[in-house]
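Dear colleague,

I am passing on the structure we spoke about, with the sequence alongside. Please have both open while you read the notes underneath.

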Amino acid sequence: MMELCIECKKETSWGTGNFCNRSSSNDGALDGFLCADCQSLECDRCHKKTTEYQLDGEVICMECIADAMANQWSNPVGEQLTIGDI
Ligand SMILES: [Zn+2]
Ligand SMILES: [Zn+2]
């Protein structure tokens, strides 16, 4: 039996190199697999193809999320915390 990616119709069976990153997929009409390429989206920030992303109005890859977090931490937001304001 052929195990095709339902997007690009590439073979994803064992030995093709697409096997390890495929995932089962069912789009309602077809039951099959998605190869790594078709699972990836382009990150809206760094424009790299990634399979690990979050959708938050835009596609953000894990690297950019980590960057954004790091930036947040380096901003001196903590200085607004003054306790003498009562
Ligand atoms: Zn594919
Ligand atoms: Zn990114």
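Below I go through the confidence, the overall layout, and then some individual residues.

Please keep in mind that this is a predicted model. The mean pLDDT of the chain is 82, and 83% of its residues reach 70 or more. Confidence is lowest in E1, where the mean is 78, and highest in strand E6 (residues 59-61), where the value is 95. Where pLDDT is low, the predicted coordinates should not be read in detail.

As to layout, the chain holds two helices and six strands, and, read from the N terminus, these elements follow the order β-β-α-β-β-β-β-α. Burial is limited to 14% of the 86 residues of the chain, and of the contacts between residues at least 6 apart in sequence, 20% join residues that are at least 24 apart.

The largest nonpolar core has five residues, namely Cys5, Phe33, Leu34, Cys35 and Cys38. What does Leu34 touch, once its neighbours within four places in sequence are left aside? Leu34 is in contact with Cys5, which is also a member of that core, and with Ile6, Glu7, Arg22, Ser23, Ser25 and Gln39.

Helix H2 covers residues 62-74, and its length can be checked with simple arithmetic: at 1.5 Å a residue, its 13 residues should span 18 Å, and the C-alpha atoms at its two ends are indeed 18 Å apart, so the expected and the modelled values agree. The same helix is hardly covered by the rest of the model, since the count of buried residues among its 13 residues is zero.

Two residues in the strands are useful for following how parts of the chain come together. Leu41 belongs to strand E3 (residues 41-42), and it is partly exposed because 16 other C-beta atoms lie within 10 Å, a count that falls between the limit of 12 or fewer for an exposed residue and that of 20 or more for a buried one. Leaving aside neighbours within four places in sequence, Leu41 is in contact with Thr50, Tyr53 and Val59, while its C-alpha atom is separated by 9.2 Å from that of Ile60, which is 19 residues away along the chain.

Gln54, for its part, lies in strand E5 (residues 53-55) and counts as exposed because it has 12 C-beta neighbours inside 10 Å. If residues up to four places away in sequence are not counted, Gln54 touches Ile60 and Ile65; in the case of Ile65, the two residues are eleven apart in sequence, and their C-alpha atoms are 8.5 Å apart in space.

Finally, there are two backbone angles that I would like you to look at. Most residues other than glycine have a negative phi. Lys9, however, has a positive phi of about 60 degrees although it is not a glycine, and His47 likewise has a positive phi, near 60 degrees. Where do these two residues lie in the chain? Lys9 is in the segment before strand E1 (23-26), whereas His47 is in the loop between E3 and strand E4 (49-50). Lys9 is exposed, because 12 other C-beta atoms lie within 10 Å of its own, and His47 is exposed as well, because its count within 10 Å is 10.

With best wishes

Notes: Residues numbered from 1 in each chain as written. Chains lettered and ligands numbered in written order. Predicted model: local features only at pLDDT ≥ 70, side-chain atom pairs only at ≥ 80, totals over all residues. Helix = DSSP H or I, 4+ residues; strand = E, 2+ residues; numbered from the N terminus. Expected span 1.5 Å × (residues − 1). Core = buried A, V, L, I, M, F, W, Y, C linked by C-beta atoms within 7 Å. Contact = placed C-beta atoms within 7 Å. pLDDT = per-residue confidence, 0-100.
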